Amino acid sequence: MNVTVTPNGTQPPRVIQVTDGAVTSINGQRGDVTITTATLGAIATGDAAGGDLSGTYPNPAVTKVNGVAVTGTPTSGQVPTATSGTAATWQTPAAGPTAAGTVTAQTSFGAASSSGAATTYSRGDHSHGTPTLPTASTSTAGVVQLDGTAADIAALGTQAAGSTGKAADAGHVHPTTGVLPTAGGTMTGGINSSLAATTSPALGVFVAGDTFDRGRILASGQIEMGSGSAAREVVLSRTAANQLSLTTSDLRIATAGRGLMVAEGSNAKMGTATLAAGTATVSTTAVTANSRIFLTNQALGGTAGFLRVSARTAGTSFTITSSSGTDTSTVAWMIVEPA
């Protein structure tokens, strides 16, 4: 290093060569110049280092960073870690999240989300599994069970709760065989109605414009008929055991040649008897104490007389007597009960 010194007065400038802070030569002949390391302010070999450095020059050691002393000997992967405002040591950094090997699968439909607390992070190609769909033999609330496309569709009229869980074909139709359309048709099977009370209507028939149904069948089996403009007034019903009643109306045989036909035989309501010596006993359980018994001569025999019922035993028999003791006529009889 060359240093140029200009002395005071008339002395010419001098060039001084300095090596490691010591003067080795002086260019010029007049005047003496003495330069020391202190004069130059230079750092010399063996000087003590300071600040964030320790040891001596020219090879000081770094022992601090911005005044924070770092102690210890590091190993692979360690970094300086502050333990206070003025001290730090070499420490292994806390482990960061690692790639997840698995992802928790969903276990139920509609499961709520959770923030979680695991230290792993999910991979970029991860996927969440889904719960297994229930089979047709199991049930999960809120889940529609489907086990495939239906091969066929049950016909109407065979409604049932079902359990197959099949999805209907997109172009499916319901067969109409065995189904009664709203416009009417023919039913080949029976119809059973379960009603709340005996007075509940099971069937009603209207004619267009009618205010009232003209015909009605009740749950009791009672049949009611009317004009359609007023309430039904002809009633045919069961009023007692083995008894059919026609209510609020007369029985009219409206076709000539048609009439009343009554079976005859044992314990009948109608029959014939042949008189012997003007009398005959008819055995029938149909006779009652109030029976109206009508007699007419069917075929004359002997000396005919006037006929009458001379005796009766309810539930057993009645006796026919002629006013002639020699009457052998065949007599027709019929029993009618008062309503």
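Here are three short exercises on a predicted model, each with a worked solution.

**Exercise 1.** Work out which elements and which classes of residue line the largest pocket.

*Solution.* Start with the space itself: the largest pocket holds about 590 Å³. Next, look at its wall, where you'll find 14 lining residues. Leu-244, Ser-245, Val-336, Glu-337 and Ala-339 are the ones nearest the centre. Now for the elements: strand 14 (243-247) and strand 20 (330-336) each give two or more residues to this lining. Strand 14 has the largest share, with four residues. Finally, sort the lining by class, and you get ten nonpolar, two polar and two charged residues.

**Exercise 2.** Decide whether Ser-324 is buried or exposed, then find what surrounds it.

*Solution.* First, locate Ser-324: it sits in the loop between strand 19 (317-322) and strand 20. Its relative accessible area is 11%, and the cut-off for buried is under 20%, so Ser-324 counts as buried. Then check who it touches. Leaving out residues up to four places away in sequence, Ser-324 is in contact with Gly-278, Thr-303, Ala-304 and Gly-305. Take a closer look at Thr-303: its backbone oxygen is 2.7 Å from a polar atom of the Ser-324 side chain.

**Exercise 3.** Find the edge strands of the open sheet with the order 6-7-9-8.

*Solution.* Four strands make up this sheet, and their pairing is mixed. Strand 6 (64-65) and strand 8 (79-82) each pair on one side only, which makes them the edges. Further in, strand 7 (68-71) and strand 9 (87-91) run parallel, paired over three bridges. For one bridge, go to Val-70: its partner in strand 9 is Ala-88.

Technical notes: Residues are numbered from 1 along each chain as its sequence is written. This is a predicted model: local features need pLDDT of at least 70, side-chain atom pairs count only at pLDDT 80 or more; totals for chains, interfaces and linings use all residues. Side-chain values use heavy atoms; hydrogens and water are left out. On a 1 Å grid over the protein atoms alone, a cavity is a set of points where a 1.4 Å probe fits but cannot get out, and a pocket is an open set with protein on both sides within 12 Å along at least five of seven lines; lining residues have an atom within 4 Å of a point. Grid points are joined across faces, edges and corners, and a volume is the space filled by probe spheres set on the points. Ala, Val, Leu, Ile, Met, Phe, Trp, Tyr, Cys and Pro count as nonpolar, Asp, Glu, Lys and Arg as charged, and the others, Gly among them, as polar. Buried means under 20% relative accessible area, exposed over 50%, partly exposed in between (1.4 Å probe, protein chains only). A polar contact is a pair of N or O atoms within 3.5 Å; within protein, one must be able to donate a hydrogen and the other to accept it, and residues adjacent in sequence count only if both atoms are side-chain atoms. Contact means heavy atoms within 4.5 Å. Two strands pair if DSSP finds at least two bridges between them.
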